[in-house]
Amino acid sequence: MATYIVLLGPPGVGKGTQARILSESKKLAHISSGDLFRENLKNQTELGKLAKSYMDKGELVPDDVTIAMIRDRLSRPDCEAGAILDGFPRTPAQADALEVMLKEFRGSVDAVPYITAAETILVERTGGRWTCRAQGHIYHEKFNPPKQAGLCDVDGSEIYQRDDDKVETVTKRIRVYLEQTMPLVDYYRKAGKLIEIDGTQSVESVTKVLLGALKR
Ligand code: AMP
């Protein structure tokens, strides 16, 4: 059976950072829907052009295209043992679609760590966030600066500030999260899969709690 872990939580709470660490520690593929959209944007694909109009406004890309993109990604060989899903699902329709497609990939959602933090912290974290252009590695100008200013520690590529990390768009993204993604907290709690984690602590502390909780 393959293992699938869904990371749930608001924008800026540290899902991406933790997903990368988890993916290495559990030897599972890391699938970030936001990174996939940004990759499409960079390569100027039709999907990228479509997604841009929603991403710029801080809105969700429609379910049908998002689901098709994730299904395609999950069918690749590096997901055979399973995956860490970061940013997907974000609506109940996406969660239902995920259940159906995972059956096909001989698995189901095993655990859903739900990372939380107060809105002021989310705005502060996204406002100072820098993202690596090549592979999406994440930095923060105050909490996790790169060793060399402007460059990614891992692959040396340029790091940049995402357009949608501006305060106005972040506020909108948090509102969209509360309206459209929050119902998933109950969805996975009822399924007995939710693991609540306090995301206000340091990256290292959150990782420790996360790995400990997943062992149980
Ligand atoms: P993220 O990098 O996860 O913050 O995602 C950046 C943007 O990509 C979001 O604000 C949405 O516009 C879009 N996006 C990412 N994941 C999804 C998803 N599961 N469903 C719809 N839109 C998404």
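Strands β1 and β3 pair in the parallel sense over five bridges, and in this predicted model one of the residue pairs that can be picked out along them is Thr3, whose bridge partner in β3 is Gly82. Strand β1 is also joined to strand β4 (residues 109-116) by two bridges, again with the strands running parallel, and here Ile5 stands opposite Ala111 in β4. Strand β1 (residues 3-7) is largely enclosed by the rest of the structure, because four of its five residues are buried.

A separate set of strands is arranged as an open sheet, in which three strands follow the order β6-β5-β7 with antiparallel pairing. Strands β6 (138-140) and β7 (159-160) each have a single partner strand and stand at the edges, so one side of each is left without a neighbour in the sheet. Two bridges join strand β5 (residues 129-132) to β7 in the antiparallel sense, and Cys132 stands opposite Ile159 in β7.

In soluble globular proteins, nonpolar side chains tend to be buried together. Here the largest nonpolar core has 32 residues, and those with the most contacts inside it are Leu8, Ile31, Ile70, Leu74, Leu98 and Tyr188. When its neighbours within four places in sequence are left aside, Leu74 is in contact with Tyr4, Ile31, Cys79, Ala83, Leu98, Met101, Leu102 and Phe105. A second, separate core has 17 residues, including Leu7, Val13, Ile84 and Ile197.

Thr181 is found in helix α7 (residues 167-181) and is buried, with a relative accessible area of 4%. Leaving aside neighbours within four places in sequence, Thr181 is in contact with Leu8, Arg90 and Val176; for Arg90, the backbone oxygen lies 2.8 Å from a polar atom of the Thr181 side chain.

Asp78, by comparison, lies in the loop between α4 (63-74) and β3 (82-86) and counts as partly exposed at 44% relative accessibility. Not counting residues up to four places away in sequence, Asp78 touches Ala29 and Arg73, and its side chain makes a polar contact with the side chain of Arg73 at 2.7 Å. Asp78 and Asp64 are 14 residues apart in sequence, while their C-alpha atoms are 23 Å apart in space.

The ligand is surrounded by 16 residues, of which Ser33, Arg38, Glu59, Gly87 and Gln94 come nearest. Helix α2 (residues 33-42) provides the largest share of this shell, with four residues. The table lists three residues that have an N or O atom placed close to a nitrogen atom of the ligand.

| Residue | Protein atom | Distance to a ligand nitrogen atom |
|---|---|---|
| Ser33 | polar side-chain atom | 2.8 Å |
| Val61 | backbone N or O atom | 3.0 Å |
| Gln94 | polar side-chain atom | 2.9 Å |

Taken alone, the ligand exposes 480 Å², and the protein buries 96% of that area. Ser33 and Gln94 thus appear both among the residues that come nearest to the ligand and, through polar side-chain atoms, in the table above, whereas Val61 is listed there through a backbone N or O atom.

Note on methods
Residues are numbered from 1 along each chain as its sequence is written. This is a predicted model: local features need pLDDT of at least 70, side-chain atom pairs count only at pLDDT 80 or more; totals for chains, interfaces and linings use all residues. Side-chain values use heavy atoms; hydrogens and water are left out. Two strands pair if DSSP finds at least two bridges between them. A nonpolar core is a set of buried Ala, Val, Leu, Ile, Met, Phe, Trp, Tyr and Cys residues joined through side-chain atoms within 4.5 Å. Buried means under 20% relative accessible area, exposed over 50%, partly exposed in between (1.4 Å probe, protein chains only). Contact means heavy atoms within 4.5 Å. A polar contact is a pair of N or O atoms within 3.5 Å; within protein, one must be able to donate a hydrogen and the other to accept it, and residues adjacent in sequence count only if both atoms are side-chain atoms. A residue is near a molecule or strand if one of its heavy atoms lies within 4 Å of it. Accessible areas come from the Shrake-Rupley method with a 1.4 Å probe; for residues, only the protein chains shown count as cover.
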